[in-house]
Amino acid sequence: MKTWIRLASLLFMLMLLQPCISIYAAPRATPRIYGRVVDFKTGKPIPNATIILAWCLESYKFFTDKNGFYNISGPFIIWGRSYYIYAFRGNFTQKNVDYVPTVKIIKMDSWEKKVDFALVPGALIELKGSWYLVQSPSPERKGTFTLKVLGEDGSRLNIVPGMVDEYGSSVHAWFLGLGSNLVIVPADTPVIVKTEVYIFLRSRKGMIRKDIILYNGSVAFNLPQGAKSSILISDYTLRNGLDTVRSKFNETISQINDAQSVGFVVFDEKRRIMNSYRRIMEADSLLAQAKNDDDYLKVWSILRSELKQMDLILMTIQYMYMASKTGAVYLSAIMAVFSAVLALFLFEKEKGKIISCIVIYIIYLVLLYFLYPGAHIIIEENSSLFIGSSVASIIIVLAFIFGIPRVWKERTIEGEVSWRSAISVIFSMGKRQIKRRKIRGFFTILSIAILILAFTSLTSFGRVFGIVSERINITPPSNGILVKRMVNKTLLFLPLRMDDPQVLSKIIEMKNIAIRIENLPSSRPIALIKNPRTGSTALIYGILGIDPVNETKYIPLDKIITEGDFLDENNKEEILISSKLASILDVKANETVTLHIQGVSGVSGNFTVKGIFNGDEYENLIDLDGQPYGPIRIFSNNTLRVCNSTEVIIMNWKTAEDLKNIAKIVGRQEMPQFATLSEIVFQIGNQADMKSIIKYLLYVFDYDVFVSSSRSLTHFYIDSYVEIKGATELLIPLVMAGLNTGMVMLNSVYERRKEIRILLMLGLNPTHIGLIFLAEAVILGMVGGSLGYLFGLGFYRIMVLLQQDLMVREKIEWYWSAIAFAIAIIASILSAVRPAYLAISTYTPSKIKRLKLPEREAKERREKIFKVYQARELSMPVKVKTNEIEFFVSYVLSSLNDLRIGYMERIENIEETPEIENIKKELVRSIKFDYYFQVAGGRRGTKNTLIMTKHPREDYYRVKLICEPASPGMPESVIERTVDLIFDMMMYWVKNKERIIGE
């Protein structure tokens with residue numbers, strides 16, 4: 001009984017614990033993804049279809065059964081994570097596909113996910129050959145590009161949701177493991193393939209996108225299921241590039257014709273573009289016969305060169321427009337000066353000069369509109385700017401010539417001619433002499449005008465874009481050619497492609513090729529080097545990969561090794577470090593160090609220190625570009641410098657490339673900042689055409705080229721420069737004009753012998769006599785120069801209308817007008833120097849000509865000759881406000897009283913006159929005083945009145961000084977001394993007025 005009770009109790013307990021046991025023993029649910037794959041058109045299951053489950057950097061492959069079902073489970077499926085699921089059928093390795101991949105994105109928010117696929121029957125297109133893009137400076141493009149499958153009308157296909165239609169460098173191609181040259185398209189559907197290629201252009205400092213549409217011949221692709229088609233992408237891209245270059249040719253021709261219709265001289269641009277046309281036709285013919293990569297490379301190089309040529313032509317035309325618009329604004333001011341010169345030459349009376357100056361200026365502006373292309377361009381674009389500058393120019397010129405002389409008057413001395421008056425008279429005499437001899441003056445002006453016409457229109461000093469050579473004043477270490485792509489002529493550079501040396505060697509006869517792999521400059525360390533024996537570390541900012549065999553032909557790295565040996569070409573596990581870095585790491589030659597690449601975990605390697613080089617000698621090495629040798633470092637303030645010997649390690653370039661590839665695999669990303677091709681150094685054969693090679697390197701590959709030859713260094717690059725032609729030929733009209741002007745002046749000297757003697761008797765000194773002839777030459781030069789420049793502009797227009805090639809470049813910059821004006825004046829003056837000297841030496845007494853008086857004697861003679869007999873009235877540069885007049889009067893009286901007790905100079909008879917109102921209703925106050933001072937000849941003095949006058953409509957007093965000699969016939973210096981005294985007194989008031997009033 002007890003036993004039964006025990007069994008019943010045990011059974012009851014087991015029944016109570018059964019749910020817990022079941023829960024504990026039940027297996028935990030495993031997430032899974034399942035579904036079925038069927039044909040989109042028939043609905044039949046697709047057996048053996050490939051299913052790819054992808055997340056981040058991981059992917060897993062599965063297959064469907066004979067009924068099209070698949071089931072995915074495993075620990076790699078994690079709750080809450082999102083996945084890409086692809087379905088397709090085909091073998092990419094064998095390049096056969098019969099269903100287009102379809103992708104779906106799911107999130108594991110439940111333990112089970114059902115994902116069904118309806119696949120579209122597909123076919124395969126393979127792109128064969130290399131990419132030859134004329135926009136890219138590297139022929140075999142392998143960078144970022146996308147291949148998009150579109151309908152034949154260019155619209156996006158929407159056959160089934162999620163059908164993959166982007167290949168190439170797309171993320172789908174990467175997850176599928178599909179080669180970048182393969183494209184999968186829907187079967188039995190007309191489609192085209194749009195290629196989107198991204199190219200970095202150095203000229204634009206950024207990426208551009210180039211779209212190329214791929215057709216099956218001239219029609220859309222329409223392939224049956226499982227079919228395979230191929231496209232020779234080399235031929236296709238070059239034909240597309242040929243169309244691009246032709247389009248650029250049409251654009252350039254249009255721009256040239258537009259520029260010529262505006263009035264620019266573009267004969268040189270026409271020659272260059274027609275030469276480009278012949279080269280394009282040559283490329284077209286070569287492409288039709290091309291059979292291999294060498295043929296395609298030659299076609300690509302021709303198209304690249306002519307595309308660059310047309311870019312430079314367009315840049316030149318663009319500069320013409322910009323410079324001419326700017327020049328039109330400044331030329332309005334130059335025309336105002338020319339108008340004033342001609343008006344002053346033609347008329348005597350001031351009124352006639354002003355009116356004629358304005359009239360001539362208007363005529364000149366009209367001529368400028370028709371003769372200078374920038375004038376009507378700026379008028380059409382911004383007429384208010386041109387009109388405003390023209391009005392302002394003529395006002396300023398008229399004010400300078402006619403207004404300022406009335407306001408500003410030079411202090412005069414009785415019996416002495418001022419320089420301004422003398423110059424005015426001299427130029428007036430010169431002008432009258434020219435007009436008196438009208439025929440001779442006309443032909444002289446004509447000869448100078450012809451000279452300036454020749455300078456303006458028959459010589460070439462225009463700015464053009466092309467190859468510029470710049471000599472660098474540094475002795476290079478060896479002979480060779482260094483190419484790289486610089487950034488704004490700084491130490492920064494743009495990476496080259498690793499296959500550039502091979503491509504160059506196919507076209508140029510190169511030898512001793514040394515490639516250099518460097519890190520892109522960075523402010524952060526590139527690597528960390530460690531001595532595992534001691535634990536010592538150092539940060540590395542520069543990695544330099546070299547060719548151990550050829551590098552030493554250009555840079556003597558092997559000569560600065562102080563311990564160990566130089567790098568071995570076949571050993572990739574060796575590095576060189578400096579003696580300073582070896583000291584920091586406490587390492588010796590042939591010891592092992594560890595190098596860790598910064599930024600990518602797990603990328604490191606053990607290297608043998610093959611050699612230790614002298615750090616000081618390394619830092620003194622000069623490269624073939626004239627810069628210090630080695631990688632570059634950037635600092636936080638964006639300054640650049642070459643890495644010093646403790647910041648750089650040197651290795652075989654193959655080692656640097658391997659490290660980069662490892663970093664790419666581990667980090668799943670490119671590491672161009674660690675190692676990239678930076679420079680190529682090479683030599684050429686003795687029979688090679690250096691000029692053609694430089695042009696090829698610049699136009700085709702867009703390099704900066706440094707040529708070291710015979711211990712000289714020259715930098716070649718693309719930029720603007722001033723093209724000079726016809727400068728030697730200009731000597732002929734220059735000599736003719738100079739001789740003509742000189743003969744006219746010489747004849748004038750002999751004809752005017754009596755006149756010269758009369759002028760000497762009237763008081764003109766030899767300098768004045770010589771200046772008369774120089775002034776006549778200056779007038780001839782100014783008139784001839786101004787007319788010659790306008791004739792030159794007109795000559796340009798005539799030649800353009802007659803379609804006659806001038807073989808020169810037009811001077812469109814405004815400053816050439818000023819230069820032409822200066823040339824005319826200088827040529828005239830130089831021609832007149834000899835006749836002027838002859839006039840002085842022949843017709844003036846030798847004693848006067850050669851005698852130079854001592855300063856003291858000259859002063860004494862001056863005082864004896866220049867006497868004062870009447871009072872002088874002079875305005876003082878001060879205005880006194882009404883509320884300040886009392887302070888001012890008090891200040892003047894106080895200052896005068898301070899001088900009453902002087903011995904050498906003193907003030908006497910100070911008298912203040914009360915304020916009165918005159919008949920003009922002006923308020924007048926005055927202070928009278930006598931001023932005396934002692935000199936060697938006795939006592940001298942002046943009687944003075946300081947008058948302060950206030951006009952009814954003004955709120956300030958004007959101040960003037962009336963000064964007369966104490967006795968008639970005193971020297972002029974007495975008046976000058978009194979004026980200086982009162983002037984200094986007024987200036988002190990102006991500077992210290994506030995303090996004086998405050999006191």
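Let's start with a pair of strands: strand 2 (residues 50-55) and strand 5 (residues 82-91) run antiparallel and are joined by five bridges. Strands here, like helices, are DSSP runs numbered from the N terminus (H or I over at least four residues for helices, E over at least two for strands). Two strands count as paired if DSSP finds at least two bridges between them. One of the bridges links Ala 54 to Tyr 84 in strand 5.

A word on what you're looking at: this is a predicted model, in which local features need pLDDT of at least 70 and side-chain atom pairs count only at pLDDT 80 or more, while totals for chains, interfaces and linings use all residues. Residues are numbered from 1 along each chain as its sequence is written, and side-chain values use heavy atoms, with hydrogens and water left out.

Back to those strands. They belong to an open sheet of four strands, in the order 3-2-5-6, with antiparallel pairing. Strand 3 (58-63) and strand 6 (96-107) are the edges, each pairing on one side only. On average, neighbouring strands in this sheet are turned by 20° against each other, direction ignored.

Between strand 5 and strand 6 there's a loop, and Lys 95 sits in it. What is the phi of Lys 95, which is not a glycine? Phi is positive there, at about 55°. Most residues other than glycine have a negative phi. Lys 95 has 28% relative accessibility, so it counts as partly exposed; the cut-offs are under 20% relative accessible area for buried and over 50% for exposed, with partly exposed in between (1.4 Å probe, protein chains only). Much further along, Asp 586 also has a positive phi, near 60°. Asp 586 lies in the loop between helix 11 (579-585) and strand 25 (592-597), and with a relative accessible area of 43% it is partly exposed.

Lys 95 also leads us to Leu 124, since the two touch. Leu 124 is part of strand 9 (residues 122-128). Is Leu 124 buried or exposed? At 1% relative accessibility, Leu 124 counts as buried. Setting aside residues up to four places away in sequence, its contacts (heavy atoms within 4.5 Å) include Asn 96, Val 97, Leu 182, Ile 184, Leu 223 and Ser 229. Ser 229 is 105 residues away from Leu 124 along the chain, yet their C-alpha atoms are separated by 6.3 Å.

Now for the helices. Two packed helices are described by the angle between their axes and the distance between the axes. Helix 3 (residues 233-262) packs against helix 4 (residues 267-289) at an angle of about 165°, with the axes 11 Å apart. Axes are lines fitted to C-alpha atoms, for helices over the stretch in contact, and angles run from 0 to 180 degrees between N-to-C directions. Helix 3 and helix 4 are therefore roughly antiparallel; angles over 145 degrees get that label, under 35 count as roughly parallel, 65 to 115 as roughly perpendicular and the rest as oblique. Among the residues that meet are Leu 238, Leu 242 and Phe 249 in helix 3, and Ile 273, Tyr 277 and Ile 280 in helix 4. The residues of this contact divide into 12 nonpolar, three polar and six charged. Here Ala, Val, Leu, Ile, Met, Phe, Trp, Tyr, Cys and Pro count as nonpolar, Asp, Glu, Lys and Arg as charged, and the others, Gly among them, as polar.

Helix 3 has another partner, helix 5 (residues 293-346), packed at an angle of about 20° with the axes 10 Å apart. Helix 3 and helix 5 are therefore roughly parallel. Their contact divides into 17 nonpolar, four polar and six charged residues. Within helix 5 you'll find Gln 309, which is buried, with a relative accessible area of 11%. Leaving aside neighbours within four places in sequence, Gln 309 is in contact with Arg 272, Ser 276, Lys 695 and Tyr 699.

Further along the chain, strand 35 (residues 905-917) and strand 36 (residues 923-935) run antiparallel, joined by nine bridges. They form a hairpin with five residues between them, and Lys 921 in the turn has a positive phi of about 60°. Strand 36 also pairs antiparallel with strand 37 (residues 938-950), through 13 bridges.

Finally, the whole protein: it has 22 helices and 39 strands, and 49% of its 999 residues count as buried.
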